[in-house]
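Please open the model in your viewer and keep the sequence panel visible. The tour below proceeds from the whole chain to selected elements.

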Amino acid sequence: MPFEPVGPGDPTALLPWMDDMGPAMAGPTQPTITQQMKDKANWRVLTQSPPPSHNQLQEVVLPPEIVKSLDHAARATNINGKEHGGNIVREGGDYSAIDTTDETSNDSVFWPDRSKTDGKDFVGGYHTHVVDKKTTENTTFSEADMTQLLEDGHNIEVMRAGNSTKMLARTKEFEAIMNKAENLDDLGHEMEDAYNAAYAAALDGDLQRAAKDPKEHERATEAAVIATATKYKLMYFAGDRNVMRRRGPGAKPAAPKTTYVPPTIIR
Ligand SMILES: [Zn+2]
C-alpha cells in the first residue's frame with residue numbers, strides 16, 4: 001500500500017513508518033499520534049535496562065520491523081514445520097531481528113545462537129511455534145522458553161504462532177530475584193520446577209490427560225506460564241500480530257479504546 005503524504009494538520013494520518021503495519025492497523029482503528037508515541041515508549045521501556053516495574057504496563061505494540069520479521073519466521077515455519085527464531089537487537093532507537101535458524105538441522109525445535117548480533121545491542125529473543133493439527137495459536141511458552149530470560153541482556157522473549165504473538169518481559173522485581181540468587185542455573189531449575197508443578201496441578205496430576213488431548217496440554221501450559229510469571233514477577237503479554245495486552249499477573253480489564261479515533265463517515 002503506497003504512502004500518501006497528508007497535510008500536517010491531520011492527527012489521524014498514518015506516519016510513514018506505520019505503512020508496514022498491515023491490515024491490523026488499517027481501517028477504523030488507526031491510532032492517534034499520541035497513541036503511536038505511547039506505543040513506541042512502552043516498547044522502549046520493556047527493552048531497556050533496568051526494566052520497568054512489574055505493574056507498570058498493560059499493552060505493548062511491536063515495532064513494524066519486528067512484526068515483519070515475525071511474519072517471515074511464521075511463514076517459514078508454516079512451510080517446513082520447523083520452529084524459526086533469532087535475536088532482537090537495537091542500534092540507537094532502531095530495532096531489528098536477526099534470524100539465526102539453522103536450516104540444515106533436522107530438529108524441529110529452535111536452538112538460539114546469541115553470538116549473532118551484527119555488533120548491535122542484544123535485547124531479547126524470538127521464536128515461532130508450529131501450528132498444526134495438534135497445536136493451535138493458543139500455544140504458549142515452555143519452561144525452557146521462560147528460563148531464557150535469565151540470560152545476559154535478555155529483556156524480552158517473543159513467541160509467534162500463526163497470527164498470534166505472546167511475550168515475556170523482565171521486570172525490576174525479577175532482576176532483584178536474579179541478583180539475590182547465588183547461582184542462576186539453580187534459579188532456572190527452580191523456575192522449571194514451579195512451571196512443571198503448575199502444569200501438573202492444572203491437570204489434577206493426570207499428565208495422560210494432556211498427552212491424549214492437545215487442548216488440555218495448551219490449557220495446562222497457559223496455567224503454568226501464568227503461575228511462573230506470577231511467582232517470579234515476569235510480565236506476560238498476548239495478542240495478535242501487532243498489539244499485545246497483559247495476561248495473568250498484573251492484567252487489568254481492557255479499557256475502552258477511547259484513544260483510537262474512528263474515521264469520519266461521509267454520507
Ligand atoms: Zn518455545
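Begin with the whole chain: among contacts between residues at least 6 apart in sequence, 64% join residues at least 24 apart; two residues are in contact if their C-beta atoms, placed from the backbone, lie within 7 Å. This is a predicted model, in which local features need pLDDT of at least 70 and side-chain atom pairs count only at pLDDT 80 or more, while totals for chains, interfaces and linings use all residues. Residues are numbered from 1 along each chain as its sequence is written.

Colour next by secondary structure. The chain has seven helices and eight strands; these are DSSP runs numbered from the N terminus, helices being H or I of at least four residues and strands E of at least two. Of the 267 residues, 32% are buried. A residue is termed buried if 20 or more other C-beta atoms lie within 10 Å of its own, exposed if 12 or fewer, and partly exposed in between, with C-beta atoms placed from the backbone.

**The sheet**

Select the eight strands, which form an open sheet of mixed pairing in the order β1-β8-β7-β6-β5-β4-β2-β3. Two strands pair if DSSP finds at least two bridges between them. At the edges stand β1 (59-61) and β3 (94-99), each with a single partner strand, so one side of each lacks a neighbour in the sheet. Neighbouring strands are turned by 25° against each other on average, direction ignored. Now add helix α2 (residues 64-80), which packs on the sheet and touches β2 (85-91), β3, β4, β5 and β6. The direction of α2 makes about 15° with that of β3; axes are lines fitted to C-alpha atoms, for helices over the stretch in contact, and angles run from 0 to 180 degrees between N-to-C directions.

**Strand β5 and its neighbours**

Select residues 156-161, strand β5: six of the six residues are buried, so the strand is largely enclosed by the rest of the structure. On one side are I156, V158 and R160, and on the other E157, M159 and A161, all buried.

Move to β4 (residues 121-128), which runs parallel to β5 and is joined to it by five bridges. Here G125 stands opposite E157. Then select β6 (residues 164-169), paired with β5 in the antiparallel sense over six bridges; K166 is the bridge partner of M159. In the hairpin of β5 and β6, with two residues between the strands, G162 takes a positive phi near 60°.

**Last stop**

Finish at β7 (residues 235-239) and β8 (residues 243-246), antiparallel strands joined by three bridges. G239 has M244 in β8 as its bridge partner.
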